[in-house]
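Dear colleague,

I am handing this structure over to you, and since you have not worked with it before, I have added some notes on what was found in it. Please read them with the model open beside you.

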Amino acid sequence: RIISGHLQEHPGFHANAIVASNKAYDAGLKTIKDLAGHSIGVTQIGSSLHYSVALVAEKSGIALDALRIVPLQSNANVASAVSGGQIDAAATLGNFASPAIDRGAVKLLAWAGDIAPWQFGALITSAKEADAQPDLVKRFLAAMHHGQSDYHDAFTNAQGAREDQPT
């Protein structure tokens, strides 16, 4: 059973990045709108990264069949392939993208949530657990939501702006 929402992409809260290889960037792949006709790596067909590419393409007016989606099985493989110029672009997790961007191994085209906000995570439990221990499930959710609230409050100022910058 789905018991709670979890992860969400929206402007300013970065999870999935769309990056270009330096080779493709130098050849003109500078923005999301330039993606048509290029290869883009994802971990798996049907993954959240694949879905994120589809949402970003749709919002940017690019037909999904104008992209060559390349499933590479793991985030490490995706990062390696785009950094090495074996694919033109990639949709990858921020924790793989950010270090590569910082060291100049790839170029950031966009954060998916800045273009196409969406919820891509959920918490689930077995029906057996939910039926047998509903109080435990409720306490877990209360604790998790409390922790999320604490995390939010620690990195958001009184005006609602994020403050989790490098400084």
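**A charge over a ring, and a pair of rings**

The charged end of Lys 107 sits over the ring of Tyr 25, at 5.7 Å from the centre of that ring. Please keep in mind, here and in everything that follows, that this is a predicted model.

A pair of aromatic rings is described by the distance of the centres and the angle of the planes. The structure holds 1 aromatic pair, and it is formed by Tyr 51 and Trp 118, whose rings meet edge-to-face, with 4.8 Å from centre to centre and 70 degrees between the planes. Tyr 51 belongs to helix α2 (residues 48–59) while Trp 118 belongs to strand β8 (residues 118–119), so the pair ties together parts that are 67 residues apart in sequence. As for their surroundings, Tyr 51 is partly exposed, with a relative accessible area of 44%, whereas Trp 118 counts as buried at 12% relative accessibility.

**The chain as a whole**

The chain has 7 helices and 9 strands, and its C-alpha atoms fill a box of roughly 55 × 40 × 30 Å when taken along the principal axes. Of the 167 residues in the chain, 37% are buried. If one takes the contacts between residues at least 6 apart in sequence, 77% of them join residues at least 24 apart.

**Strand β6 and its partners**

Strand β6, which covers residues 89–93, is mostly covered, with 4 of its 5 residues buried. Strand β3 (residues 16–21) runs antiparallel to β6 and is joined to it by 5 bridges; in this pairing, Ile 18 has Ala 91 of β6 as its bridge partner. Strand β4 (residues 39–42), by contrast, pairs with β6 in the parallel sense over 2 bridges, and here Gly 41 has Ala 90 of β6 as its bridge partner.

Thr 92 is also found in strand β6, and this residue is buried, with a relative accessible area of 3%. Which residues does Thr 92 touch, not counting residues up to four places away in sequence? They are Ala 15, Asn 16, Ala 17, Leu 49, Asn 75, Val 78 and Ala 97. The C-alpha atom of Thr 92 is separated by 17 Å from that of Ala 24, a residue 68 residues apart from Thr 92 along the chain.

**Helix α2 and the loop that follows**

Helix α2, already met through Tyr 51, also holds His 50, which is buried with a relative accessible area of 16%. Leaving aside its neighbours within four places in sequence, His 50 is in contact with Val 42, Gln 44, Ile 45 and Ile 69.

Ile 62 has its place in the loop between α2 and β5, and Ile 62 is buried, with a relative accessible area of 10%. Leaving aside neighbours within four places in sequence, the residues in contact with Ile 62 are Ile 32, Lys 33, Leu 35, Ala 36, Ala 57 and Leu 67. Of these contacts, Ala 36 is 26 residues apart from Ile 62 in sequence and 6.4 Å apart in space, C-alpha to C-alpha.

**Two further loop residues**

Most residues other than glycine have a negative phi, and most peptide bonds are trans. Gln 73 has a positive phi of about 80 degrees although it is not a glycine; Gln 73 is found in the loop between β5 (68–71) and α3 (75–83), and at 52% relative accessibility it counts as exposed.

Thr 125 lies in the loop between β9 (122–124) and α6 (127–132). Is Thr 125 buried or exposed? Thr 125 has a relative accessible area of 17%, and because buried means under 20%, it is counted as buried. Not counting residues up to four places away in sequence, Thr 125 touches Arg 1, Ile 3 and Ala 130.

**The largest pocket**

About 620 Å³ of space lies in the largest pocket. The lining of this pocket is made by 16 residues, of which His 6, Leu 7, Gln 8, Phe 13 and Tyr 151 lie nearest its centre. Helix α7 (residues 134–154) gives the most to the lining of the largest pocket, with 3 residues.

With kind regards

Key:
Residues numbered from 1 in each chain as written. Predicted model: local features only at pLDDT ≥ 70, side-chain atom pairs only at ≥ 80, totals over all residues. Heavy atoms only, no water. Buried < 20%, exposed > 50% of the residue type's maximum accessible area, 1.4 Å probe, protein only. Pairing = 2+ DSSP bridges. Phe/Tyr/Trp six-rings, centres within 6.5 Å; stacked < 30°, edge-to-face > 60°. Lys NZ or Arg CZ within 6 Å of the ring centre and 35° of its normal. Contact = heavy atoms within 4.5 Å. 1 Å grid on protein atoms, 1.4 Å probe; cavity = no way out; pocket = protein on both sides within 12 Å on 5 of 7 lines; lining within 4 Å. Points joined across faces, edges and corners; volume = space filled by probe spheres on them.
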